[in-house]
Amino acid sequence: LQGIFVLGLPYALLHSGYSGLLLIVLAAVLCCYTGKILIACLYEENEDGQLVRVRDTYEDIANACCKKLSPKLGGIVVNVTQVVELIMTCILYLVVTGNLLSHSFPYVPITEKTWSVIAFVTLLPCVFIRTLKIVSKLSQLCSLVHFVIILIVTTYCLTQIHQWSWAKFRLSIEFEDFLVSVGVIIFSYTSQIFLPTLEGSMKNPGEFRCMLNWTHFFACVLKTTFALTAFLTWGEETKEVITDNLPSFLEMLVNLCLLTKALLSYPLPFFAATEIVYSCISKGNHSNYRSPLLALSVRVSFLLLTLLMAMFTPHFALLMGLSGSVTGAAMTFLLPSLFHLKLKWKKLSFLEKCADISVFVLGFLCSLAGIVCSIKGLLEVFG
């Protein structure tokens, strides 16, 4: 999903101007910060003053914060939010594959929905994925394909360097267009859902903060470079997905790479969503949780659900924007800062408290603005 958003970064610069460059850097800093404070909520000091991991998941953190109100309320809210966001992500991949295939083979008399079904068939082996190791290997291939896409687009842009002009940047911006840019830029960094599992699976969890710093730093540099070179190449003609600006001979190649990336990206949110459901089932009935038939049934149900929603949900892009404004902002900004304040209040310095409160307020405003824009778009579509 981050790759899809990255391809929209030049379009975001079109509507945000110079402020968009600052936003790319600011979003990297904020998302890196919320990732760190989220992981900090997994740990507590023991009697010797050493940090000990007493929680394993986002759900455990939520339950610890809401235990006085209700022992399981926080976990339920977090799990529902995570599953909704992950399912919507899987659906988006199917929609994207259908769109890419129809544009790559325009002379084949097949609709986008039919192409989505064909892509769905290739994803059926996902029902047999049981470990994160397989998902990680697919994600490595996905990253490689993503690198190839960025390399192709950037190389072409560099061949057009003779027509670059800083005059293409806007000094004045429209507020609603700016909000769209904010959403694209911020959500190109979101990964908080996966961080507790990632940190727990590291051989040396003590290196997590360093890893987070470097990954966000390089992501910021690469995204800024990519967005800047692409926007300077096409200026006002920059399209929502930058690959649509490429010459036809390159567009076909890149679209096929994007198709491969989308199919390789699907297993990660799919696996994460099913694991959340499994963990909830295991708490109620350990014997059923271990039933291979139940595991297979849940995976098949998830696959069919994503296909049906991809085919029959009207105006999916607007609904995705509405869902992302609620779940994405909540999981990335609102909940990490709120949980950190709740669990670590007595140990936080004044500046740390101000930072958490500022992130919470910023996340709330971004979420509210995104919801308003998405609802306005839906009302316009439905008349």
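W234 is buried, with a relative accessible area of 12%. Keep in mind that this is a predicted model. W234 sits in helix α10. Its ring partner is Y156, in helix α7, residues 132-159. Along the chain, the two are 78 residues apart, so this pair links distant parts. How are the rings of Y156 and W234 arranged? They are stacked, 5.8 Å centre to centre, with 15° between the planes.

Now the wider aromatic picture. How many aromatic pairs does a search of the whole structure find? Seven. Take Y58 and F339. Their ring centres are 6.3 Å apart and their planes stand at 75°. Planes over 60 degrees apart count as edge-to-face, so that is what this pair is. Again, distant parts of the chain are linked. Y58 belongs to helix α4, residues 58-66. F339 belongs to helix α15, residues 316-344. The separation in sequence is 281 residues. Are these two residues buried or exposed? Y58 has 2% relative accessibility, so it counts as buried. F339 has 6%, and it counts as buried too. There is also an aromatic cluster, formed by W214, F217 and F218.

Back to α10, residues 208-234. Two of its packing partners are worth a look.

Start with α2, residues 9-16. What is the angle between α2 and α10? About 70°, with the axes 8 Å apart. Angles of 65 to 115 degrees count as roughly perpendicular, so α2 is roughly perpendicular to α10. The crossing of α2 and α10 is right-handed. On the α2 side, the contact is made by L9, P10, L13 and L14. On the α10 side, K223, F226, A227, L228, A230 and F231 take part. What is the chemistry of this contact? Nine of the residues are nonpolar, none is polar and one is charged.

Next, α3, residues 18-40. Here the angle with α10 is about 160°, and the axes are 10 Å apart. Over 145 degrees counts as roughly antiparallel, so α3 and α10 run roughly antiparallel to each other. The crossing of α3 and α10 is right-handed. From α3, the contact uses L21, I24, V25, A28, C31, C32, G35, K36 and I39. From α10, the contributors are F208, R209, L212, N213, H216, C220, K223, T224, A227 and L228. Sort those residues by type. You get 12 nonpolar, four polar and three charged. K223, A227 and L228 appear in the α10 list for α2, and they appear in the α10 list for α3.

Stay on α3 for one residue. Y33 lies in this helix. It is partly exposed, with a relative accessible area of 24%. Which residues does Y33 touch, leaving out those up to four places away in sequence? E352, A355, D356 and V359. As for V83, it is 50 residues from Y33 along the chain. Their C-alpha atoms are separated by 23 Å.

On to helix α16, residues 350-381, where we find K353. Setting aside neighbours within four places in sequence, K353 is in contact with L341, W345 and L348. S337 is 16 residues from K353 along the chain. From C-alpha to C-alpha, K353 and S337 are 9.2 Å apart.

Then P269, in helix α12, residues 267-284. P269 is buried, with a relative accessible area of 4%. What is P269 in contact with, beyond its neighbours within four places in sequence? L86, T89, C90 and Y93. K346 is 77 residues from P269 in sequence. In space, P269 and K346 are 35 Å apart, C-alpha to C-alpha.

Last residue: E237. Where is it found? In the loop between α10 and α11, the latter being 248-265. Is E237 buried or exposed? The relative accessible area is 58%, so it is exposed. The cut-off for that label is over 50%. E237 and N255 are 18 residues apart in sequence. Their C-alpha atoms lie 19 Å apart in space.

To recap α10. It is roughly perpendicular to α2. It is roughly antiparallel to α3. And it carries W234, stacked with Y156 of α7.

Note on methods. Residues are numbered from 1 along each chain as its sequence is written. This is a predicted model: local features need pLDDT of at least 70, side-chain atom pairs count only at pLDDT 80 or more; totals for chains, interfaces and linings use all residues. Side-chain values use heavy atoms; hydrogens and water are left out. Axes are lines fitted to C-alpha atoms, for helices over the stretch in contact, and angles run from 0 to 180 degrees between N-to-C directions. Helices (H or I, at least four residues) and strands (E, at least two) are DSSP runs, numbered from the N terminus. Angles under 35 degrees count as roughly parallel, over 145 as roughly antiparallel, 65 to 115 as roughly perpendicular and the rest as oblique. A crossing is left-handed if the near helix is turned anticlockwise from the far one by less than a right angle, and right-handed if clockwise. Contact means heavy atoms within 4.5 Å. Ala, Val, Leu, Ile, Met, Phe, Trp, Tyr, Cys and Pro count as nonpolar, Asp, Glu, Lys and Arg as charged, and the others, Gly among them, as polar. Rings of Phe, Tyr and Trp (its six-membered ring) pair if their centres lie within 6.5 Å; planes under 30 degrees apart count as stacked, over 60 as edge-to-face and the rest as tilted. Buried means under 20% relative accessible area, exposed over 50%, partly exposed in between (1.4 Å probe, protein chains only).
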